[in-house]
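Subject: Structure for you to look at

Hi there,

Here is the structure I promised to pass on. Please have a look, and then read on for what I found in it.

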Amino acid sequence: MTMVASPTTAAAPGLKKVLGPFQLWGICVGLVISGEYFGWSYGWNSAGTLGFLVATLLVATMYTTFIFSFTELSTAIPHAGGPFAYARRAFGPTGGFIAGFATLVEFVFAPPAISLAIGAYLNVQFPALDPKLIAVAAYVVFIALNWVGIGIAAAFELVVTLLAIFELLVFMGVVSPGWLLANYVANGWAGSDVFSGAAVAGIFASIPFAIWFFLAIEGAAMAAEEARDPQRTIPKAYIAGILTLVVLAFGVMIMAGGVGDWRKIANINDPLPQAMKVVVGESSGWLHMMVWIGLFGLIASFHGIIMGYSRQIFALARAGYLPRSFAVLSPRFQTPHRALLAGGVVGIAAIFSDQWIQFGGQSLTANIVTMSVFGAIVMYITSMASLFKLRATEPMLARPYRAPFYPLFPAIALVLGVVCLGAMVWFNPLLTVVFLGLMAIAYAYFRLTSRSRDEAPQDKLLQGAL
(Lines give C-alpha, C1' and ligand atoms only; values in the text may rest on other atoms or scores of the structure.)
Protein backbone atom coordinates (compact mmCIF):
# COMPACT_ATOMS: atom_id res chain seq x y z
CA MET A 1 0.00 0.00 0.00
CA THR A 2 1.37 3.40 -0.97
CA MET A 3 1.66 5.87 1.88
CA VAL A 4 0.62 9.45 1.20
CA ALA A 5 1.99 12.20 3.43
CA SER A 6 -0.73 13.80 5.51
CA PRO A 7 -0.86 17.54 6.15
CA THR A 8 0.42 16.98 9.68
CA THR A 9 3.55 15.18 8.51
CA ALA A 10 4.36 17.24 5.42
CA ALA A 11 7.42 19.41 5.63
CA ALA A 12 6.77 23.06 6.37
CA PRO A 13 7.98 25.51 3.72
CA GLY A 14 11.29 27.07 4.71
CA LEU A 15 13.23 30.28 4.04
CA LYS A 16 16.82 30.70 2.85
CA LYS A 17 19.57 31.26 5.46
CA VAL A 18 21.63 34.11 4.03
CA LEU A 19 21.92 36.85 6.71
CA GLY A 20 25.01 37.68 8.77
CA PRO A 21 25.31 39.86 11.92
CA PHE A 22 25.97 43.14 10.08
CA GLN A 23 22.95 42.61 7.82
CA LEU A 24 20.79 41.77 10.84
CA TRP A 25 21.99 44.92 12.60
CA GLY A 26 21.00 46.85 9.47
CA ILE A 27 17.54 45.29 9.59
CA CYS A 28 17.28 45.89 13.34
CA VAL A 29 18.14 49.60 13.13
CA GLY A 30 16.53 50.12 9.74
CA LEU A 31 13.18 48.82 10.97
CA VAL A 32 13.10 51.60 13.56
CA ILE A 33 15.07 54.53 12.21
CA SER A 34 12.14 56.29 10.55
CA GLY A 35 10.95 56.90 14.12
CA GLU A 36 13.80 59.38 14.46
CA TYR A 37 12.60 61.28 11.38
CA PHE A 38 8.90 61.73 12.14
CA GLY A 39 6.06 60.65 14.39
CA TRP A 40 7.77 61.26 17.74
CA SER A 41 7.22 65.04 17.57
CA TYR A 42 3.47 64.54 18.04
CA GLY A 43 4.40 63.76 21.65
CA TRP A 44 5.34 67.41 22.15
CA ASN A 45 1.67 68.37 21.60
CA SER A 46 0.60 66.82 24.88
CA ALA A 47 3.79 66.69 26.95
CA GLY A 48 6.02 69.56 25.83
CA THR A 49 9.74 69.07 25.35
CA LEU A 50 10.61 68.39 28.99
CA GLY A 51 7.60 66.17 29.61
CA PHE A 52 8.33 64.21 26.45
CA LEU A 53 11.95 63.83 27.56
CA VAL A 54 10.69 62.13 30.72
CA ALA A 55 8.37 59.88 28.69
CA THR A 56 11.23 58.94 26.37
CA LEU A 57 13.50 58.07 29.30
CA LEU A 58 10.76 55.77 30.62
CA VAL A 59 10.22 54.13 27.23
CA ALA A 60 13.96 53.81 26.51
CA THR A 61 14.35 51.94 29.81
CA MET A 62 11.51 49.62 28.83
CA TYR A 63 13.00 48.92 25.40
CA THR A 64 16.53 48.37 26.64
CA THR A 65 15.47 45.84 29.27
CA PHE A 66 13.02 44.31 26.80
CA ILE A 67 15.60 43.75 24.07
CA PHE A 68 18.16 42.25 26.45
CA SER A 69 15.40 39.82 27.54
CA PHE A 70 13.70 39.28 24.16
CA THR A 71 17.01 38.18 22.67
CA GLU A 72 16.87 35.04 24.81
CA LEU A 73 13.62 34.05 23.12
CA SER A 74 14.75 34.89 19.59
CA THR A 75 17.90 32.77 19.90
CA ALA A 76 16.26 29.84 21.69
CA ILE A 77 13.34 29.75 19.20
CA PRO A 78 14.65 31.16 15.87
CA HIS A 79 11.30 31.24 14.06
CA ALA A 80 9.89 33.54 11.36
CA GLY A 81 6.83 34.10 13.55
CA GLY A 82 8.94 35.78 16.24
CA PRO A 83 6.65 36.72 19.19
CA PHE A 84 3.86 34.50 17.85
CA ALA A 85 6.14 31.47 18.06
CA TYR A 86 7.27 32.23 21.62
CA ALA A 87 3.72 32.73 22.91
CA ARG A 88 2.47 29.67 21.00
CA ARG A 89 5.13 27.52 22.62
CA ALA A 90 4.60 28.99 26.08
CA PHE A 91 0.81 29.32 26.23
CA GLY A 92 -0.56 27.18 23.44
CA PRO A 93 -2.77 28.14 20.47
CA THR A 94 -4.64 30.98 22.21
CA GLY A 95 -1.40 32.55 23.41
CA GLY A 96 -0.10 32.31 19.86
CA PHE A 97 -3.24 34.01 18.59
CA ILE A 98 -2.89 36.99 20.97
CA ALA A 99 0.78 37.57 20.15
CA GLY A 100 0.25 36.96 16.44
CA PHE A 101 -2.68 39.38 16.23
CA ALA A 102 -0.82 42.07 18.16
CA THR A 103 2.29 41.72 16.01
CA LEU A 104 0.23 41.89 12.82
CA VAL A 105 -1.45 45.10 13.98
CA GLU A 106 1.94 46.60 14.79
CA PHE A 107 3.60 45.65 11.52
CA VAL A 108 0.66 46.15 9.14
CA PHE A 109 -0.35 49.58 10.52
CA ALA A 110 3.15 51.05 10.80
CA PRO A 111 3.97 51.07 7.04
CA PRO A 112 1.05 53.32 5.95
CA ALA A 113 2.12 55.93 8.52
CA ILE A 114 5.69 55.78 7.21
CA SER A 115 4.57 55.89 3.58
CA LEU A 116 2.56 59.05 4.31
CA ALA A 117 5.69 60.59 5.83
CA ILE A 118 7.61 59.68 2.67
CA GLY A 119 4.92 61.53 0.75
CA ALA A 120 5.21 64.54 3.06
CA TYR A 121 9.01 64.68 2.64
CA LEU A 122 8.78 64.55 -1.16
CA ASN A 123 5.96 67.10 -1.11
CA VAL A 124 8.46 69.57 0.38
CA GLN A 125 10.46 69.31 -2.86
CA PHE A 126 7.54 68.84 -5.23
CA PRO A 127 4.41 70.56 -3.84
CA ALA A 128 2.31 69.47 -6.82
CA LEU A 129 2.69 65.79 -5.96
CA ASP A 130 -0.09 64.14 -3.95
CA PRO A 131 1.51 62.61 -0.81
CA LYS A 132 -0.99 59.74 -0.87
CA LEU A 133 -0.08 58.75 -4.41
CA ILE A 134 3.58 58.82 -3.41
CA ALA A 135 2.72 56.56 -0.47
CA VAL A 136 1.03 54.04 -2.79
CA ALA A 137 4.01 54.14 -5.17
CA ALA A 138 6.30 53.38 -2.22
CA TYR A 139 4.28 50.24 -1.47
CA VAL A 140 4.55 49.06 -5.09
CA VAL A 141 8.32 49.59 -5.26
CA PHE A 142 9.24 48.01 -1.94
CA ILE A 143 6.89 45.07 -2.14
CA ALA A 144 8.58 44.30 -5.46
CA LEU A 145 12.05 44.63 -3.90
CA ASN A 146 11.14 42.26 -1.06
CA TRP A 147 9.63 39.85 -3.58
CA VAL A 148 12.92 39.30 -5.43
CA GLY A 149 14.78 37.93 -2.41
CA ILE A 150 15.94 38.48 1.17
CA GLY A 151 19.61 38.79 0.18
CA ILE A 152 19.00 41.73 -2.13
CA ALA A 153 16.46 43.23 0.26
CA ALA A 154 18.82 42.99 3.26
CA ALA A 155 21.73 44.51 1.32
CA PHE A 156 19.52 47.42 0.29
CA GLU A 157 18.31 47.78 3.88
CA LEU A 158 21.88 47.99 5.19
CA VAL A 159 22.90 50.68 2.69
CA VAL A 160 19.89 52.93 3.31
CA THR A 161 20.21 52.47 7.08
CA LEU A 162 23.83 53.61 7.04
CA LEU A 163 22.85 56.65 4.93
CA ALA A 164 19.99 57.42 7.32
CA ILE A 165 22.29 57.31 10.36
CA PHE A 166 24.77 59.57 8.57
CA GLU A 167 22.02 62.07 7.82
CA LEU A 168 20.82 62.17 11.44
CA LEU A 169 24.38 62.93 12.55
CA VAL A 170 24.59 65.66 9.88
CA PHE A 171 21.28 67.12 11.11
CA MET A 172 22.58 67.34 14.69
CA GLY A 173 25.76 69.00 13.51
CA VAL A 174 24.11 71.52 11.19
CA VAL A 175 21.51 72.76 13.71
CA SER A 176 23.90 72.83 16.68
CA PRO A 177 25.03 76.48 16.08
CA GLY A 178 21.39 77.60 16.43
CA TRP A 179 20.57 75.45 19.44
CA LEU A 180 19.67 77.20 22.71
CA LEU A 181 18.72 75.60 26.00
CA ALA A 182 16.24 78.41 26.56
CA ASN A 183 14.35 77.37 23.42
CA TYR A 184 14.27 73.75 24.49
CA VAL A 185 12.90 74.33 28.00
CA ALA A 186 10.46 77.14 27.11
CA ASN A 187 6.90 75.92 27.75
CA GLY A 188 8.48 72.49 28.22
CA TRP A 189 5.97 71.08 30.71
CA ALA A 190 2.86 70.54 28.53
CA GLY A 191 2.91 74.14 27.31
CA SER A 192 3.86 75.65 30.68
CA ASP A 193 7.14 76.62 32.30
CA VAL A 194 5.99 75.04 35.56
CA PHE A 195 5.64 71.33 36.34
CA SER A 196 2.03 70.48 37.26
CA GLY A 197 -0.63 67.81 37.14
CA ALA A 198 -1.25 68.70 33.51
CA ALA A 199 2.39 67.88 32.80
CA VAL A 200 1.99 64.44 34.40
CA ALA A 201 -1.06 63.74 32.25
CA GLY A 202 0.82 64.99 29.19
CA ILE A 203 3.74 62.67 29.90
CA PHE A 204 1.49 59.61 29.92
CA ALA A 205 -0.48 60.81 26.90
CA SER A 206 2.77 61.15 24.91
CA ILE A 207 3.92 57.57 25.55
CA PRO A 208 2.81 56.21 22.13
CA PHE A 209 5.02 58.74 20.39
CA ALA A 210 8.02 57.96 22.59
CA ILE A 211 7.50 54.31 21.69
CA TRP A 212 7.60 55.32 18.02
CA PHE A 213 11.31 56.08 18.52
CA PHE A 214 11.93 52.34 19.00
CA LEU A 215 8.88 50.63 17.51
CA ALA A 216 9.53 47.43 15.50
CA ILE A 217 13.08 46.74 16.66
CA GLU A 218 11.85 43.29 17.62
CA GLY A 219 11.01 42.65 13.96
CA ALA A 220 14.54 41.44 13.29
CA ALA A 221 13.51 38.25 15.12
CA MET A 222 11.25 37.48 12.17
CA ALA A 223 14.37 37.17 10.01
CA ALA A 224 15.76 34.50 12.39
CA GLU A 225 14.97 31.64 10.00
CA GLU A 226 16.99 33.47 7.34
CA ALA A 227 20.00 34.14 9.60
CA ARG A 228 23.20 32.17 9.49
CA ASP A 229 24.00 30.92 13.00
CA PRO A 230 21.13 32.88 14.63
CA GLN A 231 22.28 31.95 18.15
CA ARG A 232 25.32 34.19 17.67
CA THR A 233 24.25 36.76 15.10
CA ILE A 234 20.94 37.81 16.70
CA PRO A 235 22.41 38.89 20.09
CA LYS A 236 25.10 40.94 18.36
CA ALA A 237 22.55 42.64 16.12
CA TYR A 238 20.03 43.37 18.87
CA ILE A 239 22.42 44.73 21.48
CA ALA A 240 24.28 46.94 19.00
CA GLY A 241 20.94 47.98 17.51
CA ILE A 242 19.25 49.17 20.71
CA LEU A 243 22.36 51.12 21.77
CA THR A 244 22.51 52.80 18.34
CA LEU A 245 18.85 53.79 18.49
CA VAL A 246 18.92 55.16 22.04
CA VAL A 247 21.79 57.51 21.15
CA LEU A 248 20.10 58.70 17.95
CA ALA A 249 16.66 59.17 19.55
CA PHE A 250 17.85 61.43 22.34
CA GLY A 251 20.23 63.31 20.04
CA VAL A 252 17.59 64.11 17.44
CA MET A 253 14.85 64.99 19.94
CA ILE A 254 17.01 67.33 22.00
CA MET A 255 18.63 69.08 19.03
CA ALA A 256 15.33 69.59 17.16
CA GLY A 257 13.67 71.07 20.24
CA GLY A 258 16.22 73.80 20.83
CA VAL A 259 16.49 75.59 17.49
CA GLY A 260 13.37 77.75 17.73
CA ASP A 261 9.77 77.48 18.85
CA TRP A 262 9.33 73.71 19.07
CA ARG A 263 5.53 74.11 19.01
CA LYS A 264 5.70 74.90 15.28
CA ILE A 265 7.02 71.41 14.47
CA ALA A 266 5.02 69.44 17.03
CA ASN A 267 2.20 68.34 14.71
CA ILE A 268 3.76 67.73 11.30
CA ASN A 269 5.19 64.76 9.40
CA ASP A 270 8.55 66.35 8.55
CA PRO A 271 9.91 67.93 11.78
CA LEU A 272 13.61 67.63 10.94
CA PRO A 273 13.59 69.59 7.65
CA GLN A 274 11.40 72.24 9.30
CA ALA A 275 13.75 72.48 12.29
CA MET A 276 16.75 72.74 9.99
CA LYS A 277 15.01 75.45 7.97
CA VAL A 278 14.96 77.66 11.09
CA VAL A 279 18.76 77.51 11.28
CA VAL A 280 19.91 77.46 7.63
CA GLY A 281 16.98 79.01 5.72
CA GLU A 282 14.76 77.69 2.96
CA SER A 283 17.33 77.91 0.15
CA SER A 284 20.19 76.14 1.90
CA GLY A 285 21.78 73.10 0.30
CA TRP A 286 21.79 71.48 3.74
CA LEU A 287 17.99 71.59 3.78
CA HIS A 288 17.70 69.95 0.37
CA MET A 289 20.16 67.29 1.43
CA MET A 290 18.11 66.71 4.57
CA VAL A 291 14.97 66.12 2.53
CA TRP A 292 16.59 63.77 0.03
CA ILE A 293 18.85 61.78 2.33
CA GLY A 294 16.22 61.93 5.06
CA LEU A 295 14.05 59.87 2.76
CA PHE A 296 16.48 57.00 3.29
CA GLY A 297 15.53 56.83 6.95
CA LEU A 298 11.87 56.51 6.09
CA ILE A 299 12.62 54.06 3.29
CA ALA A 300 14.78 51.89 5.57
CA SER A 301 11.94 51.43 8.06
CA PHE A 302 9.24 51.13 5.43
CA HIS A 303 11.17 48.48 3.55
CA GLY A 304 12.20 46.63 6.72
CA ILE A 305 8.71 46.55 8.23
CA ILE A 306 7.28 45.24 4.95
CA MET A 307 9.83 42.46 5.28
CA GLY A 308 8.65 41.91 8.87
CA TYR A 309 4.91 41.81 8.20
CA SER A 310 5.37 39.41 5.30
CA ARG A 311 7.25 36.95 7.54
CA GLN A 312 4.63 37.26 10.27
CA ILE A 313 1.75 36.62 7.85
CA PHE A 314 3.72 33.74 6.32
CA ALA A 315 4.42 32.15 9.72
CA LEU A 316 0.82 32.53 10.92
CA ALA A 317 -0.51 31.03 7.69
CA ARG A 318 1.97 28.15 7.82
CA ALA A 319 0.77 27.35 11.35
CA GLY A 320 -2.92 27.50 10.38
CA TYR A 321 -3.81 30.86 11.95
CA LEU A 322 -4.38 32.54 8.58
CA PRO A 323 -5.47 31.07 5.22
CA ARG A 324 -2.85 28.62 4.05
CA SER A 325 -2.50 30.36 0.69
CA PHE A 326 -0.47 33.10 2.41
CA ALA A 327 2.19 30.51 3.32
CA VAL A 328 3.01 29.82 -0.33
CA LEU A 329 6.50 30.91 -1.40
CA SER A 330 7.40 32.40 -4.77
CA PRO A 331 8.65 29.48 -6.91
CA ARG A 332 11.43 31.61 -8.36
CA PHE A 333 12.59 33.70 -5.40
CA GLN A 334 11.47 31.62 -2.40
CA THR A 335 9.92 34.67 -0.74
CA PRO A 336 6.41 34.97 0.79
CA HIS A 337 4.99 36.97 -2.11
CA ARG A 338 1.32 36.51 -1.24
CA ALA A 339 1.94 37.67 2.32
CA LEU A 340 3.69 40.75 0.92
CA LEU A 341 0.67 41.59 -1.23
CA ALA A 342 -1.84 40.98 1.59
CA GLY A 343 -0.17 43.49 3.92
CA GLY A 344 0.10 45.96 1.06
CA VAL A 345 -3.64 45.86 0.40
CA VAL A 346 -4.39 46.65 4.06
CA GLY A 347 -1.80 49.43 4.14
CA ILE A 348 -3.06 51.16 1.01
CA ALA A 349 -6.62 50.99 2.36
CA ALA A 350 -5.38 52.67 5.56
CA ILE A 351 -3.73 55.46 3.55
CA PHE A 352 -7.06 56.52 2.09
CA SER A 353 -9.19 55.77 5.14
CA ASP A 354 -8.99 59.32 6.47
CA GLN A 355 -11.65 60.31 3.94
CA TRP A 356 -14.24 58.65 6.18
CA ILE A 357 -12.46 57.76 9.44
CA GLN A 358 -11.37 60.67 11.63
CA PHE A 359 -11.58 60.75 15.42
CA GLY A 360 -9.76 61.55 18.64
CA GLY A 361 -8.67 65.01 17.53
CA GLN A 362 -5.52 63.55 15.96
CA SER A 363 -4.25 63.45 12.39
CA LEU A 364 -4.51 60.24 10.38
CA THR A 365 -0.81 59.60 10.83
CA ALA A 366 -1.03 60.05 14.60
CA ASN A 367 -3.95 57.61 14.80
CA ILE A 368 -2.16 55.01 12.68
CA VAL A 369 0.98 55.41 14.81
CA THR A 370 -1.08 54.91 17.98
CA MET A 371 -2.84 51.82 16.60
CA SER A 372 0.50 50.29 15.66
CA VAL A 373 1.81 51.03 19.15
CA PHE A 374 -1.20 49.28 20.71
CA GLY A 375 -0.21 46.12 18.90
CA ALA A 376 3.43 46.52 19.90
CA ILE A 377 2.74 46.95 23.61
CA VAL A 378 0.44 43.93 23.77
CA MET A 379 3.11 41.92 21.98
CA TYR A 380 5.85 43.10 24.38
CA ILE A 381 3.76 42.04 27.38
CA THR A 382 3.04 38.59 25.91
CA SER A 383 6.70 38.13 25.01
CA MET A 384 7.93 38.84 28.52
CA ALA A 385 5.21 36.59 29.95
CA SER A 386 6.39 33.89 27.53
CA LEU A 387 9.95 34.28 28.77
CA PHE A 388 8.90 33.72 32.39
CA LYS A 389 6.64 30.80 31.44
CA LEU A 390 9.29 29.02 29.35
CA ARG A 391 11.90 29.45 32.08
CA ALA A 392 9.48 27.58 34.38
CA THR A 393 8.13 24.92 32.03
CA GLU A 394 11.19 24.26 29.83
CA PRO A 395 14.27 24.75 32.00
CA MET A 396 16.24 22.45 29.70
CA LEU A 397 15.46 24.41 26.53
CA ALA A 398 18.75 25.31 24.84
CA ARG A 399 19.38 29.00 25.50
CA PRO A 400 22.53 30.16 23.68
CA TYR A 401 21.92 33.65 25.09
CA ARG A 402 20.34 34.19 28.50
CA ALA A 403 18.71 37.44 29.62
CA PRO A 404 21.10 39.31 31.93
CA PHE A 405 19.97 40.14 35.47
CA TYR A 406 17.07 37.69 35.20
CA PRO A 407 14.37 38.09 36.50
CA LEU A 408 14.94 41.84 37.01
CA PHE A 409 15.30 42.95 33.38
CA PRO A 410 12.25 41.10 32.00
CA ALA A 411 10.24 42.17 35.06
CA ILE A 412 11.09 45.84 34.45
CA ALA A 413 10.12 45.47 30.77
CA LEU A 414 6.88 43.72 31.71
CA VAL A 415 5.84 46.25 34.36
CA LEU A 416 6.67 49.25 32.17
CA GLY A 417 4.81 47.59 29.30
CA VAL A 418 1.69 47.30 31.46
CA VAL A 419 2.07 50.95 32.56
CA CYS A 420 2.38 52.06 28.93
CA LEU A 421 -0.65 50.01 27.89
CA GLY A 422 -2.71 51.47 30.74
CA ALA A 423 -1.74 55.00 29.74
CA MET A 424 -2.63 54.35 26.12
CA VAL A 425 -6.04 52.92 27.00
CA TRP A 426 -6.78 55.87 29.29
CA PHE A 427 -5.85 58.53 26.75
CA ASN A 428 -7.10 56.77 23.60
CA PRO A 429 -10.49 55.24 24.44
CA LEU A 430 -11.82 55.29 20.88
CA LEU A 431 -8.73 53.62 19.43
CA THR A 432 -8.88 51.09 22.27
CA VAL A 433 -12.39 50.16 21.16
CA VAL A 434 -11.21 49.83 17.55
CA PHE A 435 -8.28 47.64 18.61
CA LEU A 436 -10.51 45.39 20.74
CA GLY A 437 -13.10 45.22 17.96
CA LEU A 438 -10.49 44.03 15.48
CA MET A 439 -9.25 41.49 18.02
CA ALA A 440 -12.80 40.17 18.55
CA ILE A 441 -13.26 39.65 14.82
CA ALA A 442 -9.88 37.94 14.58
CA TYR A 443 -10.69 35.72 17.58
CA ALA A 444 -13.96 34.63 15.98
CA TYR A 445 -11.98 33.58 12.89
CA PHE A 446 -9.48 31.81 15.15
CA ARG A 447 -12.21 29.78 16.84
CA LEU A 448 -13.82 28.84 13.52
CA THR A 449 -10.58 27.60 11.93
CA SER A 450 -9.18 25.15 14.50
CA ARG A 451 -9.08 22.43 11.85
CA SER A 452 -6.56 24.45 9.83
CA ARG A 453 -4.16 24.39 12.78
CA ASP A 454 -4.70 20.66 13.29
CA GLU A 455 -3.82 20.04 9.63
CA ALA A 456 -0.84 22.41 9.53
CA PRO A 457 2.64 20.92 8.99
CA GLN A 458 4.42 19.94 12.19
CA ASP A 459 6.80 22.64 13.42
CA LYS A 460 9.16 21.53 16.19
CA LEU A 461 9.91 25.09 17.24
CA LEU A 462 6.26 25.57 18.18
CA GLN A 463 6.02 22.36 20.19
CA GLY A 464 6.81 23.01 23.83
CA ALA A 465 6.14 21.27 27.08
CA LEU A 466 2.35 21.52 26.66
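I started with a helix pair. On the α2 side, Ser46, Ala47, Gly51, Val54 and Ala55 meet Gly202, Ile203 and Ala205 of α7. Sorted by type, the residues of this contact are five nonpolar, three polar and no charged. Do keep in mind that this is a predicted model.

As for the geometry, α2 covers residues 43-76 and α7 covers residues 197-205; their axes come within 8 Å and cross at roughly 65°. That angle makes α2 roughly perpendicular to α7, since 65 to 115 degrees counts as roughly perpendicular. The crossing of α2 past α7 is right-handed.

Next, the charged pairs. How many salt bridges are there? The count comes to six, and here are some that you may like to find on the screen.

Asp459 and Arg318 are a good place to begin: their side chains meet in a salt bridge, with 3.9 Å from N to O. Asp459 sits in the segment after α16 (450-455), while Arg318 belongs to helix α11 (residues 285-318), so this pair ties together parts that are 141 residues apart in sequence. Are the two partners buried or exposed? Both Asp459 and Arg318 are buried.

Helix α16 itself holds another pair. Arg451 and Glu455 form a salt bridge, and their closest N and O atoms are 2.8 Å apart. The two residues are four apart in α16, so about one helical turn separates Arg451 from Glu455. Arg451 counts as exposed because its relative accessibility is 62%, above the 50% cut-off. Glu455, at 28% relative accessibility, counts as partly exposed.

Then there is Asp261 with Arg263, a salt bridge whose closest N and O atoms lie 3.1 Å apart. Asp261 has a relative accessible area of 34%, so it is partly exposed. Arg263 is partly exposed too, with a relative accessible area of 47%.

Finally, which residues are linked in a network of salt bridges? They are Glu72, Arg391 and Arg399. Glu72 will take you back to the helix we started from, as α2 spans residues 43-76.

If you only have a few minutes, I would suggest viewing the α2 and α7 crossing and then the buried pair of Asp459 and Arg318.

Happy viewing, and do write back with any thoughts.

Best wishes

Notes. Residues are numbered from 1 along each chain as its sequence is written. This is a predicted model: local features need pLDDT of at least 70, side-chain atom pairs count only at pLDDT 80 or more; totals for chains, interfaces and linings use all residues. Side-chain values use heavy atoms; hydrogens and water are left out. Axes are lines fitted to C-alpha atoms, for helices over the stretch in contact, and angles run from 0 to 180 degrees between N-to-C directions. Angles under 35 degrees count as roughly parallel, over 145 as roughly antiparallel, 65 to 115 as roughly perpendicular and the rest as oblique. A crossing is left-handed if the near helix is turned anticlockwise from the far one by less than a right angle, and right-handed if clockwise. Contact means heavy atoms within 4.5 Å. Ala, Val, Leu, Ile, Met, Phe, Trp, Tyr, Cys and Pro count as nonpolar, Asp, Glu, Lys and Arg as charged, and the others, Gly among them, as polar. A salt bridge is a side-chain nitrogen of Lys or Arg within 4 Å of a carboxyl oxygen of Asp or Glu. Buried means under 20% relative accessible area, exposed over 50%, partly exposed in between (1.4 Å probe, protein chains only).
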